[in-house]
Amino acid sequence: MYSMSANANPTPNNSGTTFRRMILVNLIILIVLIAAAITGYYFYNQSTLYLKTDDAQVAGTQIVVSAPASGKLINWQGTNGSTFSAGDEIGEIQTQVGNKTVDVPIDMPANGTIAQNEVMNNEFVAAGMPLAYAYDMNHLYIVANIKETQLQNVKVGDQVDVWVAGKAGSISGTVTQIGDATASTFSLLPNQSTTADYTPVTQVVPVEISIGTTAGSGLVPGMSATVRIHK
């Protein structure tokens with residue numbers, strides 16, 4: 001007598017397992033599609049609303065302390081990190097005027113903190129020689145290099161989010177100035193073509209961003225930054 005095998009037809013248990021597996025696969029596919037859609041929307045939204053670059057840094061107006069006369073440097077106080085107000089005497093030049101030795105004062109040109117000292121006491125210096133470089137650490141700003149192809153999306157007054165390397169959180173800023181020349185225009189080695197097959201290189205234009213008072217912020221010129229300009 002013919003007897004039907006027990007494995008000829010799937011058991012209810014096998015059918016249930018297969019059904020659950022199909023549901024799980026479909027659920028995974030749905031999650032992946034939703035994640036892809038969210039990611040795509042995020043990047044589309046970012047590119048539509050913002051212009052972002054990490055080619056930026058903290059900057060400030062450089063103050064040059066120069067020798068007012070030729071002679072011997074004495075009483076020099078311009079050590080790195082020293083802060084002075086405009087008009088403060090930070091040293092003297094001992095020089096000869098006729099038969100007399102005269103001490104000519106070296107005054108601080110503007111409020112600032114010495115960032116780079118170039119000399120030391122009792123050194124002989126020439127008139128006009130830079131003795132030190134300083135910055136007003138209370139009024140630093142950000143310079144972001146924006147590609148020339150994106151410059152039409154930037155205008156004075158735009159709001160900016162700034163992240164400085166090594167600093168927690170973001171800083172609010174405002175575009176205050178857009179450069180009138182590319183960053184390479186005043187380079188010591190500007191881009192020049194000497195052949196007929198020159199390939200154009202996208203240039204960048206410096207954009208200045210105000211971040212308000214920076215007193216006590218710990219920011220110093222040259223720090224790397226990332227900026228996000230609101231279009």
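Two strands count as paired here if DSSP finds at least two bridges between them. Keep that in mind, since pairing is a big part of what follows. Also keep in mind that this is a predicted model.

**Strands β3 and β8**

Let's start with a small example. Strand β3 covers residues 71-74, and two bridges pair β3 with β8 in the antiparallel sense. Look at Gly71 and you'll find Val125 of β8 opposite.

That pair belongs to something wider: an open sheet of four strands, which runs in the order β6-β5-β3-β8 with antiparallel pairing. The edges are taken by β6 (100-107) and β8 (124-125), and each has a single partner strand, so one side of each is left without a neighbour in the sheet.

**The protein as a whole**

Stepping back, what does the secondary structure of the protein come to? It's one helix and 14 strands. The protein has 231 residues, and 27% of them count as buried. Its accessible surface comes to about 14,800 Å², with 56% of that belonging to carbon and sulfur atoms.

How do the contacts spread along the sequence? Take those between residues at least 6 apart: 71% of them join residues at least 24 apart.

**Strands β1, β10, β11, β13 and β14**

Now for another group of strands. Strand β10 (residues 141-147) is mostly covered, with five of its seven residues buried. On the pairing side, β10 is joined to β1 (residues 50-59) by four bridges and to β13 (residues 204-210) by seven; both pairings are antiparallel.

Strand β14 turns up twice as well. Six bridges join β14 to β1, and five pair β14 with β11. Here too the strands run antiparallel.

If you'd like to find these pairings in the structure, here is one pair of facing residues for each.

| Strands | Bridges | Facing residues |
|---|---|---|
| β1 and β10 | four bridges | Ala56 and Ala144 |
| β10 and β13 | seven bridges | Lys147 and Val204 |
| β1 and β14 | six bridges | Gln57 and Ser224 |
| β11 and β14 | five bridges | Val164 and Ala225 |

**The cores**

Which residues have the most contacts inside the largest nonpolar core? They are Ile142, Val162, Ile209 and Val227, in a core of 21 residues. The strands you've just met come back here: β1, β10, β11 (159-164), β13 and β14 (224-230) are the elements that give two or more residues to this core.

Val162 is a handy place to look around. Setting aside neighbours within four places in sequence, Val162 is in contact with Ile142, Ile209 and Val227, among others. The rest of the list is Gly169, Ser170, Ile171, Ile211, Ala225 and Thr226.

There's also a second, separate core, made of 17 residues and including Ile93, Ile106, Ile114 and Leu131.

**Strands β4, β7 and β9**

One more set of strands is worth a visit. Strand β7 (residues 112-117) is joined to β4 (residues 83-84) by two bridges, and the two run antiparallel. In that pairing, Phe84 stands opposite Gly112. Strand β7 also pairs with β9 (residues 130-135), in the antiparallel sense and over four bridges. There, Thr113 has Tyr135 of β9 as its bridge partner.

Notes. Residues are numbered from 1 along each chain as its sequence is written. This is a predicted model: local features need pLDDT of at least 70, side-chain atom pairs count only at pLDDT 80 or more; totals for chains, interfaces and linings use all residues. Side-chain values use heavy atoms; hydrogens and water are left out. Buried means under 20% relative accessible area, exposed over 50%, partly exposed in between (1.4 Å probe, protein chains only). Contact means heavy atoms within 4.5 Å. Accessible areas come from the Shrake-Rupley method with a 1.4 Å probe; for residues, only the protein chains shown count as cover. A nonpolar core is a set of buried Ala, Val, Leu, Ile, Met, Phe, Trp, Tyr and Cys residues joined through side-chain atoms within 4.5 Å.
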